[in-house]
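Trainee: I have a chain to study and some questions about it. Can we go through them one by one?

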Amino acid sequence: MKKFNIRKVLDGLTAASSSSSSSSATAQPGTPRENDVVQETLQSEHFQLCKTVRHGFPYQPSSMAFDPVQKILAVGTQTGALRLFGRAGVECYCQHESGAAVIQLQFLINEGALVSALADDSIHLWNLRQKIPAILHSLKFNRERITYCHLPFQSKWLYIGSERGNIHIVNVESFTLSGYVIMWNKAIELSTKTHPGPVVHISDNPMDEGKLLIGFECGVVVLWDLKSKKADYRYNYDEAIHSVAWHHEGKQFVCSHSDGTLTTWNIRAPAKPAQIITPHGKQPKDGKKPEPCKPILKVEYKTTRAGDPFMVVFGGLSYDTVGRRACLTVMHGKSTAVLEMDYPIVDFLTLCETPYPNDFQEPYAVVVLLEKDLVVIDLGQIGYPIFESPYPLTIHESPVTCCEYFADCPAELIPALYSVGSLQKRQGYSKKEWPISGGNWGQGTQTYPEIIITGHADGSIKFWDASALMLQVLYKLKTAKVFERTRGKEEKPNTDIVDEDPFAIQTLFWCPESRMLCVAGVSAHVIIYRFSKQEVTTDVVQLLEVRMQCEFGEVDSPDPGGEQTPTLPTSAASSSPQEAEPPNQLSAGINSSEGPRDNIPCLQVRSSPLKQSPGYQVELVVQLVWVSGEPPQQITSLAVNSSFGLVVFGNSNGLAVVDYVQKTLLLHIGTSELYSPCDPCQRQPRSPRKPRQPSGGLCDSNDGSNNSEDRCKSPTSGSTSPCNSDDERKQNFIEKVKFKSRRFSKTVANDFAKMSRKISSSGEQKPELDGKDNAFTRSRSSSVTSIDRESREVISSFYFCESFPRKSDSLVSPCLLVGTTQGSVMMVALSLPPGSEQKVLQPVSFATCGTLVRLKGGILTMALLDAGGTLLPPSYEPWYDPNASDEEKEKVRRRRPATPPSSQESQDTQFAVLCSEKQAKVVGMPSQTRIYKHNITETSFVLRADVVQTGGAYCIACFCANGHIMTLSLPSLRPLLDVNYLPLTDMRIARTFCFSNLGQALYLTSPTEIQRITYSQETCDNLQEMLSELFTPVETPEAPNRGFFKGLFGGGAQSLDREDLFGETTAGKASRSLAQHIPGPGGMEGMKGAASGVVGDLARARVALDERGQKLGELEERTAAMMASAESFSKHAHNMMVKYKDKKWYQL
C-alpha cells in the first residue's frame, strides 16, 4: 500500500502542488529497479529558479527620463515597473513593490541614481551602480498628493509640488524633508480668492539658481525668490497651463495651454505675454482670436549656437481633425513639421549635447514614448528621419498567440536566419548611431545559440536570436501571403469560426536540424515550409484539402489512471470490423450556393504566382474543409519528421498523415480507430446522424487513386446531433466565453473554454485507486460530460520515433506515438520503403497497435530514452537547399542512420517517457510494462511539460496552473525542484510558457514583454556576470565658460548655497507627520560594493555620511528620550521635596 502525505492547501487554484507529496516512483513486480541500471547524475542542488531578463516594450508606459551623460533611458509604467535601456543588449527591469503607477522619473545625472515618483504619493531613490538596481530610500507622503518633481543638475535638493499647491524640498542623500516650504497662499497674490490648483511645473532659472519658476494649473506662473522667500513676479493667463520651458539665457520662458496656444513671457514683463501663437490654429483674416485647439500637453524650447531654436510640441491639433493620429510638431525657424505617430503619445524628451541648462542646448534627437512603441527622431537631418531601434520592441506588433524556445540549437542557424532576415530591413532610417548608448554588456560565459519563435494573430512568425541574455529579431515570415486577402463585396469570406484573425497561428513545429517548419492556423490550415537561400517564384501553391469528420456519443471514460490491462474483450469494446471502409481522401472545394456548406475550406489559397524571397518558402498547404454545414475543428497537435517526409496533425475528429514530398494524404483515421479491436480503452463510436458503417484503420497511398464521391464523404456526415437542455446551457456558456474572447483570436477562446473545463473537472474528479493501481472510477461531472466538443477525446500530442510497436517485436522500426486528452497513449507502426526513390513506387503503410499506456489527464509530452537514460531524438534529414542543383542536393541529402537494430533479450532496451496533466510514467519497451510512475499534482493540472537536457542529463520540466514549477529526474521520476513561482493569472501565460534545454524557460508576462527565467543552479550563480552594467564611470562635461565681460560685470549664471538655505540649521525640521521615511531593501551593502576607484571613494564617502546621519539621528532620538526621562525624574524629585520639606525626621 502506497503512502500519501497530502500537503494542505490554502486556496483553490493557487493550491500547493502535490508532486512532492505524491508517491515516489514505484517499480512493477518482477521489473528491475532502473536506478540500479541507469546512473542518474542530476540532484536537487543542480536546480534553482530565478528570473534572468525581460525583453520587449514596457507595458502601459507612463513616464520617461534620460541621463545625458550616462546616455541611459528610463521608462516607468502604470503597474510600477521600471525599464532601463542603454546600448543594444543593455536593458534592465525592476519593480516597485506597491505596483502604483510611476508618474515621474528624475535622474541624478552622472551619479548612477534615479528618483521615481509614484501615484501613491511616494518617492524612491534607486541605486543604478549595481547590476540589479535596488531602492536605497523611500519617502511616503501622508497628507499631500505629489503632482510634479524637479531635481536641478548637480543638486541634492529635490523640489516636490503637491496637489494643494505647496512645494516641499527633499534631501536626496538622506531622503529627509527640509523645513523650507513654499506655501501656495504666499506664492499667489493675496487678493486672489480662488485656489490656484495643483503645481504642474517647477524649474529654476538657468542663469540664477535662487529663482524658482512655479506653474499652477489655473494659469498662474510665479517666479519665487528662494533667499527672500517671496514672489518676484506673477504671470497670469486665462487658460490652464500644462507645461513650461525656459530659454537657456533665463530671460524668457514659454508656456503651453489648454486652448492650444503657446505664450512667451519676458521675466521682467509680467503684465502680458511677449508673444501668443497657436501652432495648429486657423488665423482669421479679420484679426479675431484664432479658434481654440486641443491642449498642448508639453512644450520644449531648445536653442542652437549656429541657428534658430527648436520648439517641440505635443498636442494642440485643431478640433476638426477628428480621427487623426497623434502628432508631434517640430518648429524650427519658419518651418513647421507635423510628424504623425502610429500610437498615442505618452511623453517625449529632447536629447541635447550638454547637461547644463544655462548653455546652448544643441538638440540632436527627440525620444517619443508612445503607448506601444518607442521612436527616436533625428533632428539633424532633413525630413527628420527616425533611428533604427536596436531593442526588441516589436514583439507585440501583432498579438502573440504561441511561443517556442530552442536553446543550444545548431550554430549555423542564427547566421543563416540573419542573412535572409537582413534582406527584409526597411530603408530610410537615419544614418547616425543610436543615441541611447550607455552601459556595458555582461561578461558571462554562456555562449550557446538560442532561438525564440513567436507566432502572431496576423499569421506572422518571428525568429529571435536570444543568445547571451539578449534578444534581436532575425527573420519574419508572413504566412498570410499564401492566401487571398482581397475579396469582392458579394463574396463573403469563409471565416465564420475565426472572425477577426483568420490567419492567427495556433501551433507550430520546428526541426532545427532539417530546418523544416510546420504551422497550424486557427482556420484549420497547415502550412509546411522549407528553408532556401535562393529566391523562387511559385506559379501554383501546392494545396491538399482534407475532409475530417467524426462523431462520438457520450460513453463512460475507461480507466485513465491504471495501467494497460490484458487485451480481453469487454462490453464497451466494439467488434472487429469485417469490411474496410476507405478513409477520407483529397477532395475538391465545391461551393454550392444552395444547401449546407460542404467541401469548402475556411480560407482561399492564392491563385496568382507567389514570389518567395530567400528564407522559408511554402512546400505544401493542407486545409480542412467544411462537412455538411459544420466548420472543420481546429488543429490541436502537430509533428513533422523530415527523415520520413511526413507531417501528422490531429484534432477532435482524429488524425491525418500527409506525405509532403509526394503531396498526398496517406492516412486519415478517427480517434476510436486507433484503439485495437479488443482494447479495453477503446471509445465506442456512435453517430446520431445515421448508422456508422464499419471502417478500418489502415490506409496507404494506393487508396488515393480512387477519388469516387463515396470515398470523399465522411461516414458520419449528416444532420447535426441533438443535445439535451443541459448540453445547450453548457454550450451557450462556452459560446459566450468564446464570443468575448474573439476580439483577440480564436486561439484564446479555445484556451478559455479548455481552462474552464479543466478547473471545474479538477475540483470535481475524485479518483479511487485500488491496491494494484489498475482500477479507476470517477464521478462524471456535468461540467465535463455535457459539453459535447469539450468532452470529446482530442489528439493532444505526437512523437515520431524508432521503437518496438508491439510486445513481440525484437527489432526497432519507425513508429508514431499518439497522445489524447483522455490520457491514452497509442502506438502506430509505420512501414517505410527502404530508399527515397522507392517511396514513389512503394506506398507507406500504417498499422494501429492499440493502447500503450493510460494516464490521468491529457497527454502533454512524450519522449524515448535508451537503456542508458539518454534521449533518443526523432530521426531527421540534414538540411539541403531545395532550390540548389541536383549535384549539391545529393552531396548533402543523406538520411540520418536509424537506430541500429537490437534484439530483445531479458530486459527492456528503451524507456518511453510520458507526461500528462496529472502524472508522469516511464514504460519499458518492448515489454510495455510500467517501471516508474509519479503523480505530479492532484489539486491542479500541468499546463506545459517538456523533456529537457540540463547539467549533462535529462529531466522533465513542468509548469502547473497553481504556479508551481517542478523538475523530475529520468528515468526514476524523482522530484528535483518544486517552487511556487507564478500563479496562473492570465491565459497568455498558459499559452506561451515553454521550457528549453540548459535550464532555460520563458513566458509572455504582458502582451508586450517576454520574461525569461532559469531553473539551473549554475546559471543563477553566474547571473551577476552575465547581466549588463548600466553605470559606467564617465567624466561630467565642463561647465560653459562665463566669458571675461560676464565675469567682470556680473553676467552669467548665479550660484546658490542650497545647503545653507534648506539645511536644518537655517530652515529647521519638517513636520514628522508630513512624510514617512522608509529605508530601502537595497541598503548600504549594494552601495559599498557597487563602485571602484574615485567613484567608489565618493560612493563610500556618501555611504559614510549617510550612516553618520543615521547614527546621529538615532543618537538624537536617544538623547531626547534621556532628556524626557531626566525631566520626569526631576519632577518626581521636586514633588518629593515639597511633600517632605516641612516635616521633621521623626515624622517620616
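Mentor: This is a predicted model. Start with a turn. Strands E54 and E55 form a hairpin with 2 residues between them. Gly951 sits in that turn, with a positive phi of about 60°.

Trainee: In which sense do E54 and E55 pair, and over how many bridges?

Mentor: Strands of a sheet can pair either parallel or antiparallel, through backbone hydrogen bonds. E54 covers residues 942–950 and E55 covers residues 953–960. Their sense is antiparallel, and the count is 8 bridges.

Trainee: Which residue in E55 is the bridge partner of Gln949?

Mentor: Look across from E54 to E55, which pair in the antiparallel sense. The bridge partner of Gln949 is Tyr954.

Trainee: How many residues of E54 are buried?

Mentor: Buried means under 20% relative accessible area. By that cut-off, E54 is mostly covered. The count is 8 of its 9 residues.

Trainee: Now another sheet. In what order do the 5 strands of the open sheet run?

Mentor: The pairing in this sheet is mixed. Its edge strands are E33 (505–511) and E37 (543–546), each pairing on one side only. Neighbouring strands are turned by 20° against each other on average, direction ignored. The order is E33-E34-E35-E39-E37.

Trainee: Which residue in E35 stands opposite Leu517?

Mentor: Take strands E34 (residues 516–521) and E35 (residues 525–532). They pair in the antiparallel sense over 5 bridges. Opposite Leu517 stands Tyr529.

Trainee: Which helix packs on the sheet, touching E33, E35 and E39?

Mentor: Look at residues 413–421. The direction of this helix makes about 100° with that of E35. The helix is H2.

Trainee: Where do the buried residues of H2 lie around its axis?

Mentor: These residues are Leu413, Ile414, Ala416, Leu417, Val420 and Gly421. An α-helix has 3.6 residues a turn, so residues three or four places apart point the same way. The buried residues of H2 cover an arc of only 165° around the axis, so they are on the same side of H2.

Trainee: Which strands do the buried residues of H2 pack against?

Mentor: Three of the strands named here also belong to the open sheet: E33, E35 and E39 are in its order. The full list is E30 (450–456), E31 (460–465), E32 (472–478), E33, E35 and E39.

Trainee: Is Lys478 buried or partly exposed?

Mentor: Lys478 lies in strand E32. Leaving aside neighbours within four places in sequence, Lys478 is in contact with Gly459 and Ser460. Buried would need under 20% relative accessible area. Lys478 has 45% relative accessibility, so the class is partly exposed.

Trainee: How far apart in space are Lys478 and His456, C-alpha to C-alpha?

Mentor: In sequence, Lys478 and His456 are 22 residues apart. In space, the distance is 9.7 Å.

Trainee: What is the phi of Asp408, and what is the phi of Arg515?

Mentor: Most residues other than glycine have a negative phi. Asp408 has a positive value, in the loop between strand E29 (400–407) and H2. Arg515 has a positive value too, in the loop between E33 and E34. For Asp408 phi is near 60°, and for Arg515 phi is near 60°.

Trainee: Are Asp408 and Arg515 buried or partly exposed?

Mentor: The cut-off for buried is under 20% relative accessible area. Asp408 has 43% relative accessibility, and Arg515 has a relative accessible area of 6%. So Asp408 is partly exposed, and Arg515 is buried.

Trainee: Which peptide bond is cis with omega near 10°?

Mentor: Most peptide bonds are trans. Look in the loop between strand E52 (919–925) and strand E53 (929–935), where Pro926 lies. The bond runs from Met925 to Pro926.

Trainee: What is omega for the cis bond from Leu970 to Pro971?

Mentor: Pro971 is in the loop between strand E56 (964–969) and strand E57 (975–980). The bond from Leu970 to Pro971 has omega near 5°.

Trainee: What share of the residues in the protein chain is buried?

Mentor: The protein chain holds 17 helices and 61 strands. The share is taken over 1148 residues. Buried residues make up 55%.

Key. Residues numbered from 1 in each chain as written. Predicted model: local features only at pLDDT ≥ 70, side-chain atom pairs only at ≥ 80, totals over all residues. Heavy atoms only, no water. Pairing = 2+ DSSP bridges. Helix = DSSP H or I, 4+ residues; strand = E, 2+ residues; numbered from the N terminus. Axes fitted to C-alpha atoms, helices over the stretch in contact; angles between N-to-C directions. Contact = heavy atoms within 4.5 Å. Buried < 20%, exposed > 50% of the residue type's maximum accessible area, 1.4 Å probe, protein only. Arc of directions from axis to C-beta.
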